[in-house]
Each structure stands twice: as C-alpha cells, then as structure tokens.
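Here are some friendly notes to read with the structure open beside you. Take the points in order and look up each residue as you go.

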Amino acid sequence: MRRQHEKLRRAAQSRQVSRVEQLEFEFHRTINRLAGARKLSWMLRAAMRYTPTRFYAADPEWRSAMVTDHDALLDALEAGDPAAIRPIMARHFTDGAQRLVKHLDGLGIWS
C-alpha cells in the first residue's frame, strides 16, 4: 500500500488529475477489500453516482488533505493501532462528504 500511495502522492504533486482519480479509487478499493467492508463499498458506489468526474482529484486542497490522511492512515495501519485509524477515516470521509454536499448545494439539487 505504501508503494501504491507513493504513486498517488507523485500524481497529486504533479497535478495528474486523471491519474490521481484512478489511483485514489484503487487505494480505497484495496482498503475496502482488506477490511471486508462490503457495505461501505456499496455506499461509496452509490455516492459516486452524484460525484462529477475528477471532482476531488482536480481540487488542489483536497489532493493535499488526501495525501496527509493517507500518510496518517498507513502509519496507523503499520503500527497496528485501530484506535488511531477510526478518527483518520472519519475525517477523510467527512471531508469528502462535505465537499460533495457543498457542490450539490451549489447546483440546487436539494430544491
């Protein structure tokens, strides 16, 4: 996963938006498979239907936060510290959800 994340970090730093999107999907798919998180995978698939292509990957602020979150997550996983993993994942998920809701709000989707 570190190698996978390093590829993602390099793509984010060099603003390779389509590559970031692909590698981010693969990173999360790996985590969901390792965790056996079928319900989370289902929910994320449903949410992605409302997410424009490259929505997150094109956002430089999101890319920076994503790299920071992934670094912290990998450190916690390597340390075998499940108590540290929960707040990292909650922050990562909440950040993405808030960005998407703000975007959908701007489109007037709730009206």
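In which helix does Leu 100 lie?

1. Leu 100 lies in helix H5, which covers residues 82–107. Please keep in mind as you read that this is a predicted model. Is Leu 100 buried or exposed? Its relative accessible area is 10%, and buried means under 20%, so Leu 100 is buried.

2. Now look at what surrounds this leucine. Leaving out residues up to four places away in sequence, Leu 100 touches Ala 47, Tyr 50, Thr 51, Pro 52, Phe 55 and Tyr 56. For Ala 76, try tracing the chain as well as the space: Leu 100 and Ala 76 are 24 residues apart in sequence, and their C-alpha atoms are 26 Å apart.

3. Two of the residues that Leu 100 touches, Phe 55 and Tyr 56, bring us to the aromatic rings. How many aromatic pairs does the structure hold? There are 2. In the pair formed by Phe 55 and Tyr 56, the ring centres are 4.8 Å apart and the planes stand at 75°, so this pair is edge-to-face. The rings of Tyr 56 and Trp 62 have centres 5.6 Å apart and planes at 40°, so they make a tilted pair.

4. Tyr 56 takes part in the pair with Phe 55 and in the pair with Trp 62. Ring pairs thus join Phe 55, Tyr 56 and Trp 62 into a cluster. With a relative accessible area of 16%, Tyr 56 is buried, and Trp 62 is buried too.

5. Next, the helices. Two packed helices are described by the angle between their axes and the distance between those axes. Start with H4 and H5: their axes come within 9 Å and cross at roughly 160°. An angle over 145 degrees counts as roughly antiparallel, so that is how H4 and H5 run relative to each other. The crossing of H4 past H5 is left-handed.

6. Which residues meet in the contact of H4 with H5? On the H4 side they include Trp 62, Ala 65, Met 66, Leu 73 and Ala 76, and on the H5 side Ile 85, Ile 88, Met 89 and Arg 99 are among them. By class, this contact has 11 nonpolar, 2 polar and 5 charged residues. Trp 62 is therefore one to mark on your copy: it pairs with the ring of Tyr 56 and is among the H4 residues that meet H5.

7. H4 (residues 60–79) also packs with helix H1 (residues 2–13), at an angle of about 165° and with the axes 10 Å apart. H1 and H4 are therefore roughly antiparallel, and their crossing is left-handed. Among the residues that meet are His 5, Leu 8 and Ala 12 in H1 and Met 66, His 70 and Leu 74 in H4. The contact of H1 with H4 divides into 5 nonpolar, 2 polar and 6 charged residues.

8. Finally, how do H1 and helix H2 cross? The axes of H1 and H2 (residues 17–35) come within 9 Å and cross at roughly 155°, so the two are roughly antiparallel. H1 passes H2 in a left-handed crossing. The contact includes His 5, Leu 8 and Ala 12 of H1, together with Val 20, Leu 23 and Phe 27 of H2. Its residues divide into 6 nonpolar, 3 polar and 4 charged.

Notes
Residues are numbered from 1 along each chain as its sequence is written. This is a predicted model: local features need pLDDT of at least 70, side-chain atom pairs count only at pLDDT 80 or more; totals for chains, interfaces and linings use all residues. Side-chain values use heavy atoms; hydrogens and water are left out. Axes are lines fitted to C-alpha atoms, for helices over the stretch in contact, and angles run from 0 to 180 degrees between N-to-C directions. Helices (H or I, at least four residues) and strands (E, at least two) are DSSP runs, numbered from the N terminus. Angles under 35 degrees count as roughly parallel, over 145 as roughly antiparallel, 65 to 115 as roughly perpendicular and the rest as oblique. A crossing is left-handed if the near helix is turned anticlockwise from the far one by less than a right angle, and right-handed if clockwise. Contact means heavy atoms within 4.5 Å. Ala, Val, Leu, Ile, Met, Phe, Trp, Tyr, Cys and Pro count as nonpolar, Asp, Glu, Lys and Arg as charged, and the others, Gly among them, as polar. Rings of Phe, Tyr and Trp (its six-membered ring) pair if their centres lie within 6.5 Å; planes under 30 degrees apart count as stacked, over 60 as edge-to-face and the rest as tilted. Buried means under 20% relative accessible area, exposed over 50%, partly exposed in between (1.4 Å probe, protein chains only).
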